[in-house]
Amino acid sequence: MMKRYFQPEIETASRDRILEIQNEKIVRQVRHVYDNVAYYRNLMDQKGVRPEDIHGVQDIHLLPFLSKADLREAYPYGLLGTDLKNCVRIQSTSGTTGRRVVAFYTQADIDLWEDCCARAIVAAGGTEEDVCQVCYGYGLFTGGAGLNGGSHKVGCLTLPMSSGNTERQIQFMMDLKATILCCTPSYAAYIGESLEERGFKPEDNHLKAGIFGAEPWTEEMRQSIEKSLGIKAYDIYGLTETSGPGVAFECEEQKGMHINEDHFYVEIIDPETGEVLPDGEKGELVFTSLDKEAFPLLRYRTRDICVLNRTPCSCGRTHVRMSKPMGRSDDMLIIRGVNVFPSQIETVLLKEGYTPNYQIVVDRERHTDTFDIYVEFRPDQFTDLMSEIQRMEKSLEGAMRTMLGIGPKVHLVAPRSITRSEGKAVRVVDRRKLHD
Ligand code: ADP
Ligand code: ZN
């Protein structure tokens with residue numbers, strides 16, 4: 001019998017019950033933060049908000065925001081909510097966008113984080129019968145630790161592979177009959193490609209599901225991974241500041257990720273004005289952790305842009321769903337005044353039958369932005385006929401222009417010539433920054 005939920009009483013609780021839980025927790029949490037985190041107490045004092053002004057989640061909008069800049073300013077201990085002696089772990093961001101942030105955990109914080117990851121694994125069909133191969137990085141990065149803990153809680157046989165050494169990943173995946181794969185989507189695509197190169201067909205592996213996250217990926221990328229590995233691919237979202245992966249996860253519907261609202265209160269705001277937006281509008285995700293003891297961030301601005309959906313889900317879970325973040329506000333490139341997200345480029349490439357291996361190079365020449373995209377041929381498309389290459393490049397440039405509203409120069413390059421990523425992929429080289 002397949003377990004559908006890890007914590008059914010919470011995952012399928014009525015909306016009234018969820019609100020009740022949140023209201024109770026927020027009052028306690030604001031008091032905890034005010035009493036223990038001087039940095040945030042100052043922000044509240046500056047704004048003239050007192051803990052007794054917060055009677056429930058309807059009052060959260062009164063609280064000040066926290067941003068990555070605050071985390072950097074308060075580094076390392078400034079946002080700690082408890083004595084260091086009560087903390088048992090630190091984790092740190094991958095540093096994709098600047099200086100790393102350090103987050104602290106008590107044992108209770110780790111427990112709730114692992115519960116969230118266990119919910120994600122069960123939602124992807126995981127049970128104690130499964131063999132769960134975790135190839136997110138272990139160590140400071142939250143991916144490995146979070147899914148490892150979640151996998152234990154579900155009772156899967158856990159393969160703590162960490163990232164890299166693709167040869168060994170494949171050997172263990174085959175020999176130990178892994179059924180669930182956890183890694184970044186770009187690494188999943190690479191594993192799929194490597195299996196194919198070794199002559200394996202999608203049905204030769206024992207995988208049934210993948211839990212992929214930590215970086216933006218498109219629906220087209222999902223389909224491509226599902227096909228190459230012969231699995232169902234589930235999205236998982238999180239960030240170090242709020243624990244790590246597992247803040248939200250996909251169910252079998254695969255239409256948005258359920259946010260673990262008993263632990264994280266979510267808002268969507270206008271990134272320019274900070275105004276809270278109504279459901280269904282696109283904006284920046286803001287999280288308030290309702291339970292965390294050691295690193296209790298209130299109204300943390302993620303810079304991730306997405307939309308919330310509160311319509312009921314056929315899986316029975318009642319928690320709100322977030323759309324795939326289309327990338328962070330700071331992943332967005334502004335090229336000749338036009339906003340470009342790398343995810344749009346990925347969509348075009350996969351629609352046009354290319355692999356998701358690409359690199360964007362932006363530079364500035366004589367005060368004008370240059371915009372180049374390097375794209376690999378699929379091995380079966382490879383040709384050295386100049387006229388054919390030019391025709392393919394022109395056709396891809398046209399498709400990009402239609403999608404982006406701005407035309408890049410496309411360069412087709414040999415299969416496998418773009419460096420593969422074992423963790424988060426690096427898609428953008430912005431050389432303009434060197435001139436500033
Ligand atoms: P860093 O900020 O250094 O990358 P983290 O490792 O904590 O640090 O990464 C968290 C960020 O990763 C999120 O804010 C988000 O931008 C991105 N991310 C995580 N999961 C997903 C996902 N499923 N889809 C899109 N982006 C994601
Ligand atoms: Zn669902």
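Leaving aside its neighbours within four places in sequence, with which residues is Tyr 40 in contact? In this predicted model, Tyr 40 is in contact with Val 33, Leu 63, Pro 64, Leu 66 and Leu 298, once those sequence neighbours are set aside.

## Nonpolar cores

Tyr 40 belongs to the largest nonpolar core, which has 74 residues. Together with Leu 79, Tyr 237, Leu 285, Phe 287 and Met 322, Tyr 40 is one of the residues that touch the most other members of this core. Helix 5, spanning residues 107-123, supplies the largest share of the core, with 10 residues.

A further core, of 25 residues, lies apart from the one just described. Its members include Met 173, Ala 178, Tyr 190 and Ile 191.

## The sheet of nine strands

Nine strands form an open sheet with mixed pairing, in the order 4-3-5-6-7-8-9-14-13. Its edges are strand 4 (157-160) and strand 13 (308-309), each of which pairs on one side only. Strand 3 (residues 131-134) runs parallel to strand 4, and 4 bridges join the two. Within this pair, Val 134 of strand 3 is placed opposite Pro 160 of strand 4.

Helix 8 (residues 185-197) lies across strand 5 (180-183) and strand 6 (209-213), and runs at about 125° to strand 5.

## Helix 9 and its packing

Helix 9 covers residues 219-229, and its buried residues are Glu 220, Met 221, Arg 222, Ile 225, Glu 226 and Leu 229. These buried residues pack against two helices, helix 8 and helix 10 (342-351), and against strand 5, strand 6, strand 7 (232-238) and strand 8 (245-250). Gly 230 follows helix 9 and has a positive phi, near 65°.

## The sheet of four strands

A second open sheet to be described has 4 strands in the order 19-18-17-20, again with mixed pairing. Strand 19 and strand 20 (428-430) form its edges, each pairing on one side only. On average, neighbouring strands of this sheet are turned by 20° against each other, direction ignored. Strands of a sheet pair through backbone hydrogen bonds, in either a parallel or an antiparallel sense.

Strand 17 (residues 358-365) and strand 18 pair in the antiparallel sense over 8 bridges. The two strands form a hairpin with 2 residues between them, and Arg 366 in the turn has a positive phi of about 45°. Gln 359 has Tyr 374 of strand 18 as its bridge partner. Strand 18 also pairs with strand 19 (residues 409-413), here in the parallel sense and over 5 bridges. Ile 373 stands opposite Val 410 in strand 19, and Tyr 374 stands opposite His 411 in strand 19.

## Cover over the four-stranded sheet

Strand 18 (residues 368-376) is mostly covered, with 7 of its 9 residues buried. Two helices lie across this strand. Helix 10 lies across strand 17, strand 18 and strand 20, at about 130° to strand 17. Helix 11 (residues 386-404) lies across strand 18 and strand 19, at about 135° to strand 19.

## Cavities

The structure holds 2 cavities of 30 Å³ or more. The largest cavity contains about 60 Å³ of space. Its lining consists of Leu 71, Ala 74, Tyr 75, Pro 76, Gly 78, Leu 79, Val 101, Val 102 and Phe 295. Leu 79 thus appears both in this lining and among the residues that touch the most other members of the largest nonpolar core.

Terms used:
Residues numbered from 1 in each chain as written. Chains lettered and ligands numbered in written order. Predicted model: local features only at pLDDT ≥ 70, side-chain atom pairs only at ≥ 80, totals over all residues. Heavy atoms only, no water. Core = buried A, V, L, I, M, F, W, Y, C linked by side-chain atoms within 4.5 Å. Buried < 20%, exposed > 50% of the residue type's maximum accessible area, 1.4 Å probe, protein only. Contact = heavy atoms within 4.5 Å. Pairing = 2+ DSSP bridges. Axes fitted to C-alpha atoms, helices over the stretch in contact; angles between N-to-C directions. 1 Å grid on protein atoms, 1.4 Å probe; cavity = no way out; pocket = protein on both sides within 12 Å on 5 of 7 lines; lining within 4 Å. Points joined across faces, edges and corners; volume = space filled by probe spheres on them.
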